Amino acid sequence: MKLAYDDYKLYLDYVYGAMVIDMEGNVVYMNEQCASYLRVDKDASIGRHASDVFPSTKMIEGLSCEKPRIVYYNSYAGLGISIQAPMFKDGNKVGLIEYDVIQGSEFLYDFADKYRLFLDGEFKFLPHQITHLGDNKYTINNIVGNSPGIRRLREQIAQAAHGSSTVLITGETGTGKELVAHAIHNLSSRRKHPFVRINAASLPDSLIESELFGYEPGAFTGATKEGKQGKFEQANKGTLFLDEINQMPVALQPKLLRAIQEKEIDRLGGTKSIPLDIRIITATNRDLNRLIKEGKFREDLFYRLNVVEIRTPSLRDVPGDIPLLTDSILRELNLVMGKKVTKVDPAVREMFQSYDWPGNVRELQNVIERAMNYVEGDTLLPEFFEFKQVFFDKMVNRESLLESDSPIEIVKNAAERSLIRKVLVECGNNKSQAARMLKISRPLLYKKMRRLEIEG
Ligand SMILES: Nc1ncnc2c1ncn2[C@@H]1O[C@H](COP(=O)(O)OP(=O)(O)OP(=O)(O)O)[C@@H](O)[C@H]1O
Ligand SMILES: [Mg+2]
């Protein structure tokens, strides 16, 4: 059967959710996709008021618009982006069409990822300072990864951002807990207000209390004349991030609990309570349940903090994201270090996949940064990672290496390549001298260099 111009109604059934209302707000048209997305009966919905069919619709307010507009929605049907366009007949406004552009969080995050890559490409010629303005370094779009674990993490961040519940972020060291805390704040309606962080581990116990709650003039010897605002007060209307909460002194925990429960604080030496509107986010890389058993953390405080728990996956749990993370770290480091490393040798990728990364993303960043110092050309080669002996040890045991046609050959080549490169560097690239040191003939050295793709 051939498609004809008259089939336009059919076309409408194959775009994402589309719905039309008249100026009274009654549904005139709805396609199948829209009905199934909203979980309503299409035919029964025609003629009914849009807000009866879909209570959280923004179409009614859209009726007053003169131009198309973008609508971001988060409803029981899911997250999405749609466009509303007023419709005109003979110059008179007769209704409004709304159609989805992006439907569901999966598409939304995918879109966000692609858009970020697009922007990275657009902006890569701008100086580092401009593309890394403090504020937008820590948004949900800076969380790299496409694995189910990271997608789930983004979804949890989005959910948490919409509410105001206390969030406890758990996860191993270097898994992005601080990044997550920032991302929640920057995605929430509090984003225009302060994000204040305090790290319980970096302060002596004696200082934490005054840092958190502030003090009145003359509250103790050494207190300044003006008194001081604590982090709680500084974070008012915004988010207070209590990092490494596991290090919070037990003696201070009841006061913290009270502040969170009552939503008000007392400055040291103060006489009146100060009411506050704050979202609390905490993070720990230790198991709080164990600390509770050991008597180092109060159970009542734990329950207060653990309203929403977000667990950041360790790199071992999301190995599929290592290549993406590697590339994004390289882009970042190229800017900072003024290098142009764009390629990663397959053997390096292999090493990265087979290592278990106890320090997670932070360790990956550090390892790449260290190796970058040795790079002359545009490729990250295995020999730049000699400082990381475990890589080579692991490589030999790797299943996938054993699955290759010539596992021994690969390891031998890597070792040979590494030695020759080192000797060449030591000899200032003098081939005769290098050949002598390697105890081989000059022609054989040239032959090996060709085979092992060593530039010289
Ligand atoms: N999924 C990710 N995408 C991009 N960068 C990440 C990701 N996870 C972590 N990072 C980066 O790794 C580094 C370490 O992250 P962060 O400081 O948030 O770790 P952490 O979980 O707070 O660790 P610790 O428990 O040691 O404090 C940061 O530079 C952060 O931006
Ligand atoms: Mg941290």
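I began with a cut-off: a residue counts as exposed if 12 or fewer other C-beta atoms lie within 10 Å of its own. I applied this to P346 in the model, which is a predicted one, and found 10 other C-beta atoms within 10 Å, so P346 is exposed.

**Entry 1, P346.** I placed P346 in helix 16, which covers residues 346–354. I then looked up its separation from L381 and noted that the two are 35 residues apart in sequence, while their C-alpha atoms are 8.5 Å apart in space.

**Entry 2, domains.** I noted the division of the protein chain into domain 1 (5–103), domain 2 (134–313), domain 3 (318–390) and domain 4 (404–456). For domain 1 and domain 2 I looked up the distance between their centres, taken over C-alpha atoms, and wrote down 42 Å.

**Entry 3, the sheet.** I traced an open sheet of five strands, paired in the antiparallel sense, and recorded its order as 2-1-5-4-3. Strand 2 (27–30) and strand 3 stand at the edges with a single partner strand each, so one side of each is left without a neighbour in the sheet. Direction ignored, I found neighbouring strands of this sheet turned by 25 degrees against each other on average.

**Entry 4, strand pairs.** Starting from strand 1 (residues 18–22), I found three bridges to strand 2 in the antiparallel sense, and I noted V27 in strand 2 as the bridge partner of I21. Moving to strand 3 (residues 69–75), I found that it runs antiparallel to strand 4 (residues 78–89) and is joined to it by seven bridges; here R69 has Q84 of strand 4 as its bridge partner, and the hairpin between these two strands passes through two residues. For strand 4 and strand 5 (residues 92–103), also antiparallel, I recorded 10 bridges, with I83 standing opposite Y99 of strand 5. The hairpin of strand 4 and strand 5 has two residues between the strands, and in it I noted that D90 takes a positive phi near 50 degrees.

**Entry 5, ligand 1.** I listed 18 residues surrounding ligand 1, of which the closest are T173, G176, K177, E178 and V361. The elements that give two or more residues to this shell are helix 9 (177–187) and helix 17 (360–372). Sorting the shell by class, I obtained five nonpolar, 10 polar and three charged residues. I also checked which domains contribute, and found at least three residues of the shell in each of domain 2 (134–313) and domain 3 (318–390).

Definitions and conventions: Residues numbered from 1 in each chain as written. Chains lettered and ligands numbered in written order. Predicted model: local features only at pLDDT ≥ 70, side-chain atom pairs only at ≥ 80, totals over all residues. Near = placed C-beta within 6 Å. Nonpolar A, V, L, I, M, F, W, Y, C, P; charged D, E, K, R; others polar. Domains from an automatic or database assignment. Buried ≥ 20, exposed ≤ 12 C-beta atoms within 10 Å, placed from the backbone. Pairing = 2+ DSSP bridges. Axes fitted to C-alpha atoms, helices over the stretch in contact; angles between N-to-C directions.
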